[in-house]
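Visitor: I would like to learn how to read ring contacts and enclosed spaces in a model. Could you take me through them step by step?
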Amino acid sequence: MVDLDARAERLDASLAATGGDAVWFARPNAFAWLTGGDNTGSATDDIGVAAAGYVPERTPSFRAVALAGEADRIAAEELPDEFAVETVPWHESLGEAVAAETVGAGVADFDAPGLERIDASPLRQPLVADDVERYRALAEETAAAVERVCRELDADDAEYEAASALRIALSSGEMSAPVVRVAGSERAETYRTPPAGAAELGDYAVISVTSERRGLHASLTRTVAFDPPERFETQFRAAARVEATALAATREAVGAGGDAGDVFDAIQTAYDEVGFPDAWEAGEQGGAAGFARREWLAAPAATGTVSAPMGYAYNPVVGGARSEDTYLVEAGDEPFECLTATPNWPTFDVAAVGYDLTLERHAPYAP
């Protein structure tokens with residue numbers, strides 16, 4: 001279960017700073033952050049079938065409203081006992097029900113009459129102790145599932161066959177998989193981490209996964225090398241150095257009060273140093289991770305707050321090579337913790353560009 005005292009402390013500070021009296025969340029990742037539960041009715045819906053809130057002037061202060069047909073199950077299976085639950089007729093507005101439950105000035109992460117909109121992402125950063133423990137468990141199970149599937153792959157397997165096996169492996173751990181991308185060598189070099197198609201894996205396969213459980217997201221990429229071209233090792237080591245640089249820059253930003261733009265500047269410098277100065281332009285480079293796949297992205301002039309303890313997942317790509325894991329970054333000189341480590345996978349050491357850091361990274365696996 002989540003640490004509701006820690007949630008209340010953070011929400012009290014937010015309400016005091018904004019002059020609000022109540023806050024409500026119906027978007028699944030924010031609902032999961034507050035409750036540890038799942039309010040999704042459909043994987044395609046931005047807003048769930050229940051909203052969870054914090055109303056300090058009411059007793060109890062933790063409250064939820066849920067649509068009829070879902071309310072009993074959500075109360076029994078998705079919410080801590082501290083929540084009071086109101087049932088809303090299934091044909092009525094969740095937003096109006098939230099407004100009726102609000103005392104004074106309220107904010108919400110979805111449309112509710114009379115309530116201001118709030119971006120919940122800053123409230124979810126940094127992670128608290130119980131978040132970190134649940135994150136470790138999710139990431140470990142995700143990495144183990146990915147490794148099991150990768151070790152069974154053959155060069156003549158179709159991309160979609162590998163993707164299907166990954167989804168099955170992840171579902172056995174009660175995880176969903178919002179991202180499962182499998183690219184064989186031909187498509188990996190043509191497109192930047194494309195979704196799985198019908199092509200055979202060929203010379204190598206790039207497998208990228210983001211799993212989700214109870215709101216937390218863990219991302220990793222692994223490469224299975226059957227008969228890669230000579231240039232691939234150079235590309236892979238370059239991508240890994242950029243990733244190590246991003247992590248080193250993240251820790252520096254935590255101590256110096258830097259932002260996501262500072263991390264991106266280090267990433268851009270690293271690409272130049274490893275000989276691929278334009279590679280960053282091909283797509284996103286990753287960023288903070290936790291109750292969203294990316295709470296913010298490292299990008300030019302980005303202003304996201306770099307905090308700790310927090311998950312970070314950077315995903316630099318050079319040619320067809322991609323290096324990615326989810327790390328826990330803590331303040332001070334604590335070692336970087338690779339949450340999605342695969343202990344039986346081959347590794348190599350890479351040096352960050354411009355920082356005194358050598359990091360062990362996952363190498364391509366040769367069957």
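Guide: What follows treats aromatic pairs, charges over rings, and then cavities, in a model that is predicted.

Visitor: How many aromatic pairs are there, and how is the pair of Phe232 and Phe236 arranged?

Guide: The general idea is to read ring centres and plane angles together, where planes over 60 degrees apart count as edge-to-face and those under 30 as stacked. The count here comes to eleven aromatic pairs. Phe232 and Phe236 make a tilted one, with 6.1 Å centre to centre and 45° between the planes; the two are buried and lie four residues apart in helix α8, about one turn of the helix. Tyr327 and Phe336, by contrast, pair edge-to-face, at 6.4 Å and 90°, and each of these residues is buried.

Visitor: Which residues form one aromatic cluster with Phe232 and Phe236, and which charged end sits over the ring of Phe336?

Guide: Tyr204 and Phe348 join Phe232 and Phe236 in one cluster. Over the ring of Phe336 sits the charged end of Arg251, 4.1 Å from the ring centre, while Arg151 is placed over Tyr365 in a like manner, at 4.6 Å.

Visitor: What lines the second largest cavity, and how do its lining residues divide by class?

Guide: A cavity is read through its volume and then its lining, and this one has a volume of about 40 Å³. Its lining includes Phe236, Arg322, Glu324 and Asp325, and by class there are five charged, four polar and one nonpolar residues. Strand β9 supplies the largest share, three residues. The largest cavity, of about 60 Å³, has Arg322 in its lining as well, where seven residues are nonpolar, three polar and two charged.

Definitions and conventions:
Residues are numbered from 1 along each chain as its sequence is written. This is a predicted model: local features need pLDDT of at least 70, side-chain atom pairs count only at pLDDT 80 or more; totals for chains, interfaces and linings use all residues. Side-chain values use heavy atoms; hydrogens and water are left out. Rings of Phe, Tyr and Trp (its six-membered ring) pair if their centres lie within 6.5 Å; planes under 30 degrees apart count as stacked, over 60 as edge-to-face and the rest as tilted. Helices (H or I, at least four residues) and strands (E, at least two) are DSSP runs, numbered from the N terminus. Buried means under 20% relative accessible area, exposed over 50%, partly exposed in between (1.4 Å probe, protein chains only). A charge sits over a ring if NZ of Lys or CZ of Arg is within 6 Å of the ring centre and within 35 degrees of the ring normal. On a 1 Å grid over the protein atoms alone, a cavity is a set of points where a 1.4 Å probe fits but cannot get out, and a pocket is an open set with protein on both sides within 12 Å along at least five of seven lines; lining residues have an atom within 4 Å of a point. Grid points are joined across faces, edges and corners, and a volume is the space filled by probe spheres set on the points. Ala, Val, Leu, Ile, Met, Phe, Trp, Tyr, Cys and Pro count as nonpolar, Asp, Glu, Lys and Arg as charged, and the others, Gly among them, as polar.
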